[in-house]
Amino acid sequence: MMKQMKILTVVVLSGLALFLSACSSTKVTSSWKEPETSLSPDQKIMVLGLVQDRQGALQAKMEEEMVAALKQKGYNAVSAYETYGPKTFKGLKEEKAMNMIRKKDVDQVLTIVMLDKSKEKNYVPGRTMFYRPYYGGWWSYYGSMYNRIYEPGYYTTNTKYFLESNLYSMKNKQLLYSVRTETFDPSSAARMAVVYTQQVVKDMTKQQLITQR
């Protein structure tokens, strides 16, 4: 009986772990900040996305969410997509791009870059059962186990997105902050933008780059 209870406990805990991991679709995998660096509400931050997707709207959504979150914290933030439109800096030399940004009185640029996107297949059994002692007849037991063994399963495809945000000073081109995240199978582009922003802003606060307001 104790052995059966242990098996059931392991199954339940494993299921709970999978449930909790599914609820947290984005996690920070690494972050770094230049020591003694913090952002001032008086300075202007431009959020610049480099995110490719078929709809073409993900860049705008990522920038929009980050700008809104920073503004809520009391910081002066603007979207590069809103300011210049898509692919404005494509083909430009560094000095011209820098001058365009400086003309908008921007002090820092926060990039959002999709480093990679990968797909993985997972096999889902046709029927799963919790282990329990079976006290019925052999035919009922055989029938239930037959379905469990021979009922075909199926494959699901999950997608992982790997993103990185870097904060640069426009005064001396210095890297001030960098964070990498992993997002697992977001329900939509809009949802990914929301959870990504939440995790990055949370990390920026933890790193004392921005203050809690």
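1. At what angle do helix 2 and helix 6 pack, and how far apart are their axes? Before answering, please keep in mind that this is a predicted model. Helix 2 (residues 58-72) packs against helix 6 (residues 189-206) at an angle of about 40°, and their axes lie 9 Å apart. The crossing of helix 2 past helix 6 is right-handed.

2. Now look at who makes that contact. Helix 2 contributes Leu58, Lys61, Met62, Glu65, Met66, Ala69 and Leu70, while the residues from helix 6 include Ala189, Met192, Tyr196, Val200 and Met204. Sorted by type, the contact residues of the two helices come to 14 nonpolar, 1 polar and 2 charged.

3. Next, find strand 2 (residues 44-50). Of its 7 residues, 6 are buried. Strand 2 runs parallel to strand 3 (residues 76-79), and 4 bridges join the two. Try spotting Met46, which stands opposite Val78 in strand 3.

4. The helices and strands come together in the largest nonpolar core, which has 29 residues. Leu39, Met66, Leu70, Ile112, Leu167 and Met204 touch the most other members. Strand 2, helix 2, strand 4 (108-124), strand 5 (154-169), strand 6 (175-184) and helix 6 each give two or more residues to this core. Another core, of 11 residues, lies apart from it, and Met46, Leu48, Ile101 and Val106 are among its members.

5. Leu70 is a nice residue to click on. Leaving aside residues up to four places away in sequence, Leu70 touches Ile45, Val47, Tyr75, Ala77, Leu110 and Met204. As background, nonpolar side chains tend to be buried together in soluble globular proteins.

Methods. Residues are numbered from 1 along each chain as its sequence is written. This is a predicted model: local features need pLDDT of at least 70, side-chain atom pairs count only at pLDDT 80 or more; totals for chains, interfaces and linings use all residues. Side-chain values use heavy atoms; hydrogens and water are left out. Axes are lines fitted to C-alpha atoms, for helices over the stretch in contact, and angles run from 0 to 180 degrees between N-to-C directions. A crossing is left-handed if the near helix is turned anticlockwise from the far one by less than a right angle, and right-handed if clockwise. Contact means heavy atoms within 4.5 Å. Ala, Val, Leu, Ile, Met, Phe, Trp, Tyr, Cys and Pro count as nonpolar, Asp, Glu, Lys and Arg as charged, and the others, Gly among them, as polar. Buried means under 20% relative accessible area, exposed over 50%, partly exposed in between (1.4 Å probe, protein chains only). Two strands pair if DSSP finds at least two bridges between them. A nonpolar core is a set of buried Ala, Val, Leu, Ile, Met, Phe, Trp, Tyr and Cys residues joined through side-chain atoms within 4.5 Å.
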